[in-house]
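Visitor: I should like to take a close look at a single part of this molecule, namely its pockets and the contacts made by the residues of the chain. Please guide me through them step by step.

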Amino acid sequence: MGLVRRPHKVNLIVALLSNDTAALTRSRDSLERMFGRTDFESPIMDFIQTEYYKEEMGEGLKRQF
């Protein structure tokens, strides 16, 4: 049987996806209030890898890590 112990400290990694860049900023700010400061932030990039989310989220999606 396993032992109960404290987990190791880790970094949270989040991928944000939206067609509203202001929503990306609001989401990042909210995450920082909940989990602490951001260690690394990628540039906002066009999300062109798939059209899977197009019907639900619309066109012109942006992604940020």
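Guide: The largest pocket of this predicted model holds about 470 Å³ of space. Its lining is made up of 17 residues, and those closest to the centre are Leu12, Val14, Thr38, Asp39 and Phe40. Helix H1, which covers residues 21–35, gives the most to this lining, with four residues. Sorted by class, the lining of the largest pocket contains eight nonpolar, four polar and five charged residues.

The second largest pocket has a volume of about 180 Å³. Thirteen is the number of its lining residues, and Phe47, Thr50, Glu59, Gly60 and Leu61 lie nearest its centre. Here the classes divide into five nonpolar, three polar and five charged residues.

Charged residues lead to the next topic, the salt bridges. Side chains of opposite charge can pair when their charged atoms come close. How many salt bridges does the structure hold? The number is six.

One of the residues at the centre of the largest pocket, Asp39, takes part in such a pair. Its partner is Arg37, and the closest N and O atoms of the two are 3.0 Å apart. Are these partners buried or exposed? Arg37 counts as exposed, with a relative accessibility of 67%. Asp39 also counts as exposed, at 53% relative accessibility, because the limit for that class is over 50%.

Another salt bridge joins the side chains of Asp20 and Arg26, with 3.8 Å from N to O. Arg26 is exposed, at 51% relative accessibility, whereas Asp20 is partly exposed, with a relative accessible area of 31%.

A further salt bridge is formed by Asp46 and Lys62, whose closest N and O atoms are 2.3 Å apart. Asp46 belongs to strand E2 (residues 45–46) and Lys62 to strand E3 (residues 62–64), so this pair ties together parts that are 16 residues apart in sequence. Asp46 counts as partly exposed, at 49% relative accessibility, and Lys62 is likewise partly exposed, at 23%. Salt bridges can also be linked to one another: Arg28, Asp29 and Glu41 are joined into one network by salt bridges that share partners.

Glu41, a member of that network, leads on to Gln64. The side chain of Gln64 makes a polar contact with the side chain of Glu41, at 3.0 Å. Gln64 is found in strand E3. Is Gln64 buried or exposed? With a relative accessibility of 4%, Gln64 counts as buried, because the limit for that class is under 20%. A polar atom of the Gln64 side chain also lies 2.9 Å from the backbone oxygen of Ser42. When residues up to four places away in sequence are not counted, Gln64 touches Val14, Ala15, Leu16, Leu24, Glu41, Ser42, Pro43 and Ile44. Among these residues touched by Gln64 is Val14, which is also one of the residues closest to the centre of the largest pocket.

Ser18 offers a second example of a buried residue, with a relative accessible area of 12%. Ser18 has its place in strand E1 (residues 16–18). Its side chain reaches the backbone nitrogen of Asp20 at 3.0 Å, and Asp20 is the residue that meets Arg26 in a salt bridge. Apart from residues up to four places away in sequence, Ser18 touches Ala23, Leu24, Met57, Gly60, Leu61 and Lys62. Gly60 and Leu61 were named above among the residues nearest the centre of the second largest pocket, and Lys62 is the salt-bridge partner of Asp46.

The last topic is the segment before E1. Gly2 has its place there, and so does Leu3. Gly2 is exposed, with a relative accessible area of 66%, and Leu3 is exposed as well, at 72%. Which distances separate these residues from other parts of the chain? The C-alpha atoms of Gly2 and Asp29 are separated by 38 Å, the two residues being 27 apart along the chain. For Leu3 and Phe65, which are 62 residues apart along the chain, the separation between C-alpha atoms is 34 Å.

Definitions and conventions: Residues numbered from 1 in each chain as written. Predicted model: local features only at pLDDT ≥ 70, side-chain atom pairs only at ≥ 80, totals over all residues. Heavy atoms only, no water. 1 Å grid on protein atoms, 1.4 Å probe; cavity = no way out; pocket = protein on both sides within 12 Å on 5 of 7 lines; lining within 4 Å. Points joined across faces, edges and corners; volume = space filled by probe spheres on them. Helix = DSSP H or I, 4+ residues; strand = E, 2+ residues; numbered from the N terminus. Nonpolar A, V, L, I, M, F, W, Y, C, P; charged D, E, K, R; others polar. Salt bridge = Lys/Arg side-chain N within 4 Å of Asp/Glu carboxyl O. Buried < 20%, exposed > 50% of the residue type's maximum accessible area, 1.4 Å probe, protein only. Polar contact = N/O pair within 3.5 Å; in protein donor to acceptor, adjacent residues only side chain to side chain. Contact = heavy atoms within 4.5 Å.
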